[in-house]
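Colleague: Thanks for making time to go through this model with me. Could we take it piece by piece?

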Amino acid sequence: MIPDWKEEFAPHILARGKKYREERKVSDRTLNNARAFISAFFNYLEFEDVIKCNPVRKTKPVKEVKKLKESFTELQVEQIREIVKSDRDRAIIETLNTTGVRVSELCNIDIKDIKDGAAVIRGKGNKERKVYFSEKALYYIRKYIKRKL
């Protein structure tokens, strides 16, 4: 069994992480991923009773700056609409554009769940939220359903 070196090893992990970020010019997310991999390794060593305690547990993840994702411009949306040929694809594009749902959430929406131009969807973390469909999205959804029947 290796002695409990949590107290002396944790500062070295932090220092090495900072040096790694400066040398490689990596993002905070990359640094946090590396920390998670190292922590998983030490968790394994702790589980196997090779070490008494995971030294990485004492370190905190780097705070990541959350960036807003850029949305499409009106011109880009129109270009996408021009490319799309089928009613099904148009319904998908209009729904994604106007509701802000993720593709995975869209795949889980059932037609019978759409009531009064809105639907309750289950998103990340199993959280429910209500989304509203534009008239254009509803038009193409109805058009696709009629064609399908």
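Modeller: Gladly, and let's start with Tyr140: its relative accessible area is 14%. Buried means under 20%, so Tyr140 is buried.

Colleague: And its ring partner, Tyr139: is that residue buried, partly exposed or exposed?

Modeller: Keep in mind that this is a predicted model. The relative accessibility of Tyr139 is 47%. Since the partly exposed class runs between 20% and 50%, Tyr139 counts as partly exposed.

Colleague: How many aromatic pairs are there in total?

Modeller: Ring centres have to lie within 6.5 Å to pair. With that rule applied, the count of aromatic pairs is 2.

Colleague: What is the geometry of the pair formed by Phe41 and Phe42?

Modeller: Their ring centres are 5.6 Å apart, with 65° between the planes. Phe41 is partly exposed at 46%, whereas Phe42 is buried at 7%. Planes over 60 degrees apart count as edge-to-face, so the pair of Phe41 and Phe42 is edge-to-face.

Colleague: Which geometry do Tyr139 and Tyr140 have?

Modeller: Here the centres are 4.9 Å apart and the planes make an angle of 80°. The cut-off is over 60 degrees, so the Tyr139 and Tyr140 pair is edge-to-face.

Colleague: Which element gives the most residues to the largest nonpolar core?

Modeller: That core has 13 residues, and Val101, Ile109, Phe133 and Ile141 are among those with the most contacts inside it. Two elements give two or more residues to it: strand E1 (118-122) and helix H6 (135-148). The top contributor, with 4 residues, is H6.

Colleague: Is Thr95 buried or exposed?

Modeller: Thr95 sits in helix H4, residues 87-99. Beyond four places in sequence, it touches Gly100, Leu106, Phe133, Ala137 and Ile141. Ile141 in turn has Ala91, Ile111 and Ile114 among its contacts outside that same window. At 2% relative accessibility, against a cut-off of 20%, Thr95 counts as buried.

Colleague: Which residue's backbone oxygen lies 2.7 Å from a polar atom of the Thr95 side chain?

Modeller: A polar contact needs N or O atoms within 3.5 Å, and 2.7 Å is the distance here. The backbone oxygen belongs to Ala91.

Colleague: In which helix is confidence lowest?

Modeller: The mean pLDDT of the protein is 86, and 92% of its residues reach 70 or more. Confidence is highest in helix H3 (residues 74-83), at 94. At a mean of 73, the lowest is helix H1 (residues 6-24).

Methods
Residues numbered from 1 in each chain as written. Heavy atoms only, no water. Buried < 20%, exposed > 50% of the residue type's maximum accessible area, 1.4 Å probe, protein only. Polar contact = N/O pair within 3.5 Å; in protein donor to acceptor, adjacent residues only side chain to side chain. Contact = heavy atoms within 4.5 Å. pLDDT = per-residue confidence, 0-100. Phe/Tyr/Trp six-rings, centres within 6.5 Å; stacked < 30°, edge-to-face > 60°. Core = buried A, V, L, I, M, F, W, Y, C linked by side-chain atoms within 4.5 Å.
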